[in-house]
Amino acid sequence: MKIFHIISNKVWGGGEQTVLDLARRQLQDGIDVELFCLPKPDIVERFRELGVPIHTLPLGGALDLKSAWQMSRILKAQTDCIVHAHNFKEAFTAAYARVLARRMDIRLVMCRNLTRRGKNSLIYRWLYRQLDCIVFDSQVALDEFLTTDPDIDHHKLSVIHNGIVVPESIEPADVRGEFGIRPDEVLAIYHGRLDPEKGLDTVVEAVGLLPADCPLRVVLVGRGSDEYTDHLRSLIAERHLEGKIQLAGFRNPILPYVAAADFGVLASIVAEGCSLSAQEHLALGHPVVATNNGGQREYIVEGSNGLLVPPGDAKALALAMQRLVEQKDQRLAMGRQARTDFLDHMTYEHFYAKMRTIYEPSV
């Protein structure tokens with residue numbers, strides 16, 4: 001078996017890391033892997049560590065026939081392969097390439113890591129017929145896709161929660177020393193994009209609602225647009241929270257910073273599927289305070305391994321964070337349960353075993 005992954009993003013992010021981890025695991029499993037990606041040096045160099053062929057194409061989406069033609073010439077020479085697209089834009093290129101190569105025996109699968117309604121235009125109905133399988137990262141994502149009643153065979157639709165690779169040993173970063181956080185203060189960490197849809201305005205507002213003597217420090221790890229980052233700084237300053245909330249910027253590797261936390265915060269105001277950030281906290285034995293509007297409620301159990309709050313509700317978020325600050329024994333118990341849950345059904349091997357069934361339906 002050979003698997004071709006298509007990666008069309010212009011910058012490195014969580015999606016690209018997911019493909020890198022999956023390709024590395026497939027190579028360990030004796031599967032041949034090749035990649036199609038944009039001619040972006042940062043992207044290409046990251047994938048070179050795999051030691052596999054990398055084909056650079058424009059990957060412009062539904063109207064990019066040049067990429068489809070170039071891809072078809074490569075696919076035509078294959079005997080047993082699968083093309084794995086990671087969004088609909090890439091799936092169009094793969095579907096065109098398969099038709100041009102006259103190789104309808106090639107299996108075409110796609111992962112859908114966004115919670116969006118399905119489109120039902122003529123060209124999308126055609127694409128749905130070409131795809132052999134669409135894998136959604138949560139039941140919420142699948143349900144939202146189906147709200148428009150897209151014309152697709154439901155047998156092609158599957159749900160597999162994302163998986164993350166976690167090293168056996170992680171040395172926590174000295175976040176407390178870096179930001180002057182006292183030993184008696186509880187450290188909450190958000191990590192991911194700095195973006196309005198992540199609910200970070202709500203996080204700032206919630207911290208402002210806490211009692212002045214609440215020993216909580218919040219560190220926001222990640223980067224976003226200059227405009228929104230400046231907005232966050234201004235909001236923190238306006239509420240006189242400079243001693244409570246710190247912007248750490250982009251950090252790589254991220255897991256040492258996550259490991260330093262007492263609990264995680266995921267306050268997204270839009271519905272997400274299977275958050276890698278939440279999984280990383282669970283894997284490291286941290287409870288997570290998360291909004292209840294997405295796939296989080298499929299793996300975060302209220303009062304067991306975390307707390308769930310309505311999106312955009314600063315008061316509810318403040319009360320949840322205050323609860324984890326003041327009830328240390330409960331926080332630690334939730335952290336232990338988080339780690340147990342992760343090992344029980346959320347490890348990378350659980351994810352990979354399910355993905356193998358997508359590649360080999362007869363297994």
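Two strands count as a pair if DSSP finds at least two bridges between them. Keep that in mind for the sheet I will come to shortly. What you see above is a predicted model.

I will start with the whole chain. Its secondary structure comes to 14 helices and 13 strands. The radius of gyration is 22 Å, close to the 21 Å that the globule rule gives for 363 residues, so the chain is as compact as a globular protein of that length. Along the principal axes, the C-alpha atoms fill a box of roughly 70 × 40 × 40 Å. Of the 363 residues, 53% count as buried. The accessible surface comes to about 16300 Å², and 50% of that belongs to carbon and sulfur atoms. For contacts between residues at least 6 apart in sequence, 71% join residues at least 24 apart.

Now the sheet. In what order do the 7 strands of the open sheet stand? The order is 3-2-1-4-5-6-7, and the pairing is parallel. Strand 3, residues 54-56, and strand 7, residues 157-159, are the edge strands, each pairing on one side only. On average, neighbouring strands of this sheet are turned by 20° against each other, direction ignored. In general, strands of a sheet pair through backbone hydrogen bonds, either parallel or antiparallel.

One pairing at the edge can be looked at by residue. Strand 2 and strand 3 run parallel and are joined by 3 bridges. Leu35 has Ile54, in strand 3, as its bridge partner.

Two helices go with this sheet. Helix 14 lies across strand 1, strand 4, strand 5, strand 6 and strand 7. Its direction is at about 140° to strand 5, which covers residues 107-112.

The other is helix 1, residues 14-28. It has 15 residues and reaches 21 Å from its first C-alpha to its last, close to the 21 Å expected at 1.5 Å a residue. Its buried residues include Val19, Leu20 and Leu22, but also Glu16, Asp21 and Arg25. What do the buried residues of helix 1 pack against? They pack against strand 1, strand 2 and strand 4, and also against helix 2, helix 11 and helix 14. After helix 1 comes Gly30, whose phi is positive, near 80°.

Next, strand 9, residues 216-221. It is mostly covered, with 6 of its 6 residues buried. In a regular strand the side chains alternate between the two faces of the sheet. Here, Leu216, Val218 and Leu220 point one way, Arg217, Val219 and Val221 point the other way, and all are buried. Strand 9 runs parallel to strand 8, residues 186-191, and 6 bridges join them. Across that pairing, Ile189 stands opposite Val219.

Several single residues fill in the picture. Is Arg223, in the loop between strand 9 and helix 9, buried or exposed? Arg223 has 52% relative accessibility, and the cut-off for exposed is over 50%, so it counts as exposed. Leaving aside neighbours within four places in sequence, Arg223 is in contact with Gly192, Arg193, Leu194 and Phe250. The C-alpha atoms of Arg223 and Arg336 are separated by 30 Å, and these residues are 113 apart along the chain.

Leu200 is found in helix 8, residues 200-209. At 0% relative accessibility, it counts as buried, because buried means under 20%. Not counting residues up to four places away in sequence, Leu200 touches seven residues that can be listed: Tyr190, Arg193, Leu194, Asp195, Leu220, Tyr228 and Leu232. Leu220 is one of the buried residues of strand 9. The C-alpha atoms of Leu200 and Leu100 are separated by 46 Å, with their positions 100 residues apart along the chain.

Ser72, in helix 3, is buried at 3% relative accessibility. Beyond its neighbours within four places in sequence, Ser72 is in contact with Ala97, Leu100 and Ala101.

Last is His281, in helix 11. Its relative accessible area is 3%, so it is buried. Not counting residues up to four places away in sequence, His281 touches residues including Ile189, His191, Phe263 and Val288. Ile189 is the residue that stands opposite Val219 in strand 9. Helix 11 is also one of the elements that the buried residues of helix 1 pack against.

Key: Residues are numbered from 1 along each chain as its sequence is written. Side-chain values use heavy atoms; hydrogens and water are left out. Helices (H or I, at least four residues) and strands (E, at least two) are DSSP runs, numbered from the N terminus. The expected span of a helix is 1.5 Å times one less than its number of residues. Buried means under 20% relative accessible area, exposed over 50%, partly exposed in between (1.4 Å probe, protein chains only). Contact means heavy atoms within 4.5 Å. Axes are lines fitted to C-alpha atoms, for helices over the stretch in contact, and angles run from 0 to 180 degrees between N-to-C directions. The radius of gyration is taken over C-alpha atoms; the globule rule is 2.2 Å times the number of residues to the power 0.38. Accessible areas come from the Shrake-Rupley method with a 1.4 Å probe; for residues, only the protein chains shown count as cover.
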